[in-house]
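Subject: Structure handover and notes

Dear colleague,

I am passing on the structure below, together with my notes on what was found in it. Please read the notes with the structure open beside them.

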Amino acid sequence: MASYQARSRDPLLDRTTHDALKRRGRELIGICSLIAGFAITVILINYPPENLPWLSATAESADGPLGGLGAIVAPPLYLVIGMGSWAIAICALAWGVRLVTHIGGDRIAGRIMFAPIAV
């Protein structure tokens, strides 16, 4: 019985296009991380402690700095993590800057797993 070698295909994208798309993808992830970091920072700065948590059964609506999302996110952050919740915002902002500026973006997978230990 004869064995036939399958002809290998050329890649869909050349190497330079693949590298450019990879860089733009990291930049997009970095921009999303920056937006999330700024949103968490705004939520934590403007959260009033006397605001009702979202699980309380009252007729009042829970209002936060970013609307209902801020009222849902801020109380658990302060109650569960406390002041360590600022580390989440700092990590998101720092990695967003690193990914956008292409400084150490290839090491994110190995180092992001240590972020929960820091928090």
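The notes below go from the overall fold to single residues.

Please keep in mind throughout that this is a predicted model. The protein chain holds five helices and zero strands, and its elements, taken from the N terminus on, follow the order α-α-α-α-α. Of its 119 residues, 22% count as buried.

Helix packing

Two packed helices are described by the angle between their axes and the distance between the axes. In this model the pair to look at is helix α1, which covers residues 15–45, and helix α3, which covers residues 85–100; their axes come within 7 Å and cross at roughly 155 degrees. Because angles over 145 degrees count as roughly antiparallel, α1 is described as roughly antiparallel to α3. The crossing of α1 and α3 is left-handed.

A contact between residues far apart along the chain can be given for α3: Ala94, which lies in that helix, has its C-alpha atom 8.7 Å from that of Ser33, although 61 residues separate the two along the chain. Ala94 is partly exposed, at a relative accessible area of 37%.

The salt bridge

Side chains of opposite charge can pair when their charged atoms come close. The count of salt bridges in this model comes to one, and the partners are Glu27 and Arg24, whose closest N and O atoms are 3.5 Å apart. Since the rule asks for a side-chain nitrogen of Lys or Arg within 4 Å of a carboxyl oxygen of Asp or Glu, the pair of Glu27 and Arg24, at 3.5 Å, satisfies it. Both residues lie in helix α1, where they are three residues apart, or about one turn of the helix. Arg24 counts as partly exposed, because its relative accessibility is 46%.

The nonpolar patch and the C-terminal part

Which residues form a nonpolar patch on the surface? They are Leu79, Val80, Ile81 and Val119, and together they have about 390 Å² of accessible area. Of these, Ile81 lies in helix α2, which spans residues 68–81, and counts as partly exposed, with a relative accessibility of 33%.

Val119 also appears in a second long-range pair, since its C-alpha atom is 9.1 Å from that of Met83 while the two residues are 36 apart in sequence. Met83 lies in the loop between α2 and α3 and is exposed, with a relative accessible area of 63%.

A further pair of this kind involves Pro116, which lies in helix α5, residues 115–118. Pro116 and Cys91 are 25 residues apart in sequence, and their C-alpha atoms are 9.8 Å apart in space. At 60% relative accessibility, Pro116 counts as exposed, given that the cut-off for this class is over 50%.

A backbone point to check

Finally, I would ask you to look at His102, which has a positive phi of about 60 degrees although it is not a glycine. His102 lies in the loop between α3 and α4, the latter covering residues 108–111. Is His102 buried, partly exposed or exposed? At a relative accessibility of 40% His102 counts as partly exposed, because that class takes in values between the limit for buried, under 20%, and the limit for exposed, over 50%.

With best regards

Definitions and conventions. Residues numbered from 1 in each chain as written. Predicted model: local features only at pLDDT ≥ 70, side-chain atom pairs only at ≥ 80, totals over all residues. Heavy atoms only, no water. Patch = residues over 30% accessible without salt bridge, like charges linked within 9 Å, V, L, I, M, F, W, Y side chains within 5 Å. Areas by Shrake-Rupley, 256 points an atom, 1.4 Å probe, with all protein chains shown as cover. Helix = DSSP H or I, 4+ residues; strand = E, 2+ residues; numbered from the N terminus. Buried < 20%, exposed > 50% of the residue type's maximum accessible area, 1.4 Å probe, protein only. Axes fitted to C-alpha atoms, helices over the stretch in contact; angles between N-to-C directions. Parallel < 35°, antiparallel > 145°, perpendicular 65-115°, else oblique. Left-handed = near helix turned anticlockwise from the far one by under 90°.
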